[in-house]
Amino acid sequence: MASPIAHSFAGFWTFACQRGHFKTQLTAHWREYLLPLGVLILLANAPDLDLLLGNAVHRGFTHSLAAATLVSLALSCVWRIAPGFWRSVIVYFIAYSSHLLIDFFTGTKIGWTNTGFGMPLFWPWPKTFSSPLILIFGIHHKNFAALFSLDNLRACTYETLIFGAITVVASVLWKRKLKSRILRKAKLKPRTNRPIPESPTHLPFNLEYQKGETSPHLPTLQDQK
Ligand SMILES: [Zn+2]
């Protein structure tokens with residue numbers, strides 16, 4: 001398992017993606033966003049709650065897509081985090097599944113080492129899955145001493161640096177996108193405010209049009225006779 005640091009970042013990313021314009025609104029309504037942010041961070045960590053039942057049952061049913069679906073549906077019945085039932089289910093599912101995705105790439109050695117722990121992703125099928133490419137260090141949690149080991153300190157520091165860097169890069173790119181969108185809108189504005197000419201001046205029937213006729217006089221077949 002990865003540490004709660006990596007999973008909490010994933011919960012935050014889910015929240016940030018859900019709120020399309022959260023950057024502009026967060027300062028104005030930050031209290032309003034604390035609850036959904038907290039719920040998504042908790043949900044991204046939720047699969048590891050099976051540790052409360054002991055190491056023997058860890059990475060079982062809670063680390064499966066079936067659990068992600070059930071939890072998302074149940075939560076959406078209780079409280080919709082997004083407008084609409086199914087949209088809410090999707091947001092909850094993404095937050096919960098982010099845990100499975102991170103654990104999928106977690107193992108004892110970084111690199112193409114095939115040292116992942118394995119999860120029954122398609123429970124009740126008992127086959128376990130993990131990536132041969134390991135990107136995140138696993139956390140030791142067999143006992144109290146293991147929890148506070150140097151290996152775990154290294155794993156937590158690594159996660160903070162990697163996930164923190166991804167967050168910083170993503171926010172810079174997001175800011176740039178917002179800025180270019182605002183500039184594009186500003187450039188388009190003068191065109192829409194351009195005054196419309198009162199009447200066409202280059203057409204031969206312009207004078208008659210200005211005298212108050214409802215429509216310009218167009219030559220007909222009778223006129224030509
Ligand atoms: Zn886990």
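This is a short tour of the structure, stop by stop, with a suggestion of what to select at each one. Keep in mind that you are looking at a predicted model.

**The whole chain**

Start with everything shown as a cartoon. You should find nine helices and two strands. Going from the N terminus, their order is α-α-α-α-α-β-β-α-α-α-α. Now colour by burial: of the 225 residues in the protein, 24% are buried. If you like contact maps, take the contacts with a separation of 6 or more; 58% of them link residues 24 or more positions apart.

**The largest nonpolar core**

Next, select Ala6, Leu40, Tyr92 and Ala95. Within the largest nonpolar core, which has 28 residues, these four touch the most other members. To see where the core comes from, colour α1 (4-18), α3 (30-45), α4, α5, β2 (136-137) and α7 (150-192), each of which supplies at least two of its residues. Which helix gives the largest share of this core? That is α5, with eight residues. As background, nonpolar side chains in soluble globular proteins tend to be buried together.

**α4 against α5**

Keep α5 (residues 85-104) on screen and add α4 (residues 65-78). Two packed helices are described by the angle between their axes and the distance between the axes. Here the axes come within 8 Å and cross at roughly 140 degrees. That angle makes α4 oblique to α5, and the crossing of the two is right-handed. Now show side chains at the contact. On the α4 side, pick Ala68, Thr69, Val71, Ser72, Leu73, Leu75 and Ser76. On the α5 side, pick Phe85, Ser88, Val89, Tyr92, Phe93, Tyr96, Ser97 and Leu100. Sorted by class, this contact of α4 with α5 holds 10 nonpolar residues, five polar ones and no charged ones.

**α3 against α5**

Hide α4 and bring in α3. The axes of α3 and α5 are 7 Å apart, and the two helices pack at an angle of about 40 degrees. They are therefore oblique to each other, and their crossing is right-handed. For the contact, select Leu40, Leu43, Ala44 and Asn45 of α3 together with Tyr92, Ala95, Tyr96, Ser98 and His99 of α5. The contact of α3 with α5 is made up of six nonpolar, three polar and no charged residues.

**A pause at Tyr92**

Centre the view on Tyr92. Which residues is Tyr92 in contact with, leaving aside neighbours within four places in sequence? They are Leu43, Val71, Ser72, Leu75, Ser76 and Ile81. You have already met Leu43 in the α3 contact, and Val71 in the α4 contact.

**Loops with backbone features**

Move to the loop between α3 and α4, where you will find Arg59. Its phi is near 60 degrees, a positive value in a residue other than glycine. Is Arg59 buried or exposed? Arg59 is buried, because 20 other C-beta atoms lie within 10 Å and the cut-off for buried is 20 or more.

Now go to the loop between β1 and β2 and select Asn114. Asn114 also has a positive phi, about 55 degrees, although it is not a glycine. Asn114 counts as exposed, because it has 12 C-beta neighbours inside 10 Å.

For the last stop, stay between β1 (106-107) and β2 and select Pro124, which lies in that loop. Show the backbone from Trp123 to Pro124: the peptide bond there is cis, with omega near 15 degrees.

Methods
Residues numbered from 1 in each chain as written. Predicted model: local features only at pLDDT ≥ 70, side-chain atom pairs only at ≥ 80, totals over all residues. Axes fitted to C-alpha atoms, helices over the stretch in contact; angles between N-to-C directions. Helix = DSSP H or I, 4+ residues; strand = E, 2+ residues; numbered from the N terminus. Parallel < 35°, antiparallel > 145°, perpendicular 65-115°, else oblique. Left-handed = near helix turned anticlockwise from the far one by under 90°. Contact = placed C-beta atoms within 7 Å. Nonpolar A, V, L, I, M, F, W, Y, C, P; charged D, E, K, R; others polar. Core = buried A, V, L, I, M, F, W, Y, C linked by C-beta atoms within 7 Å.
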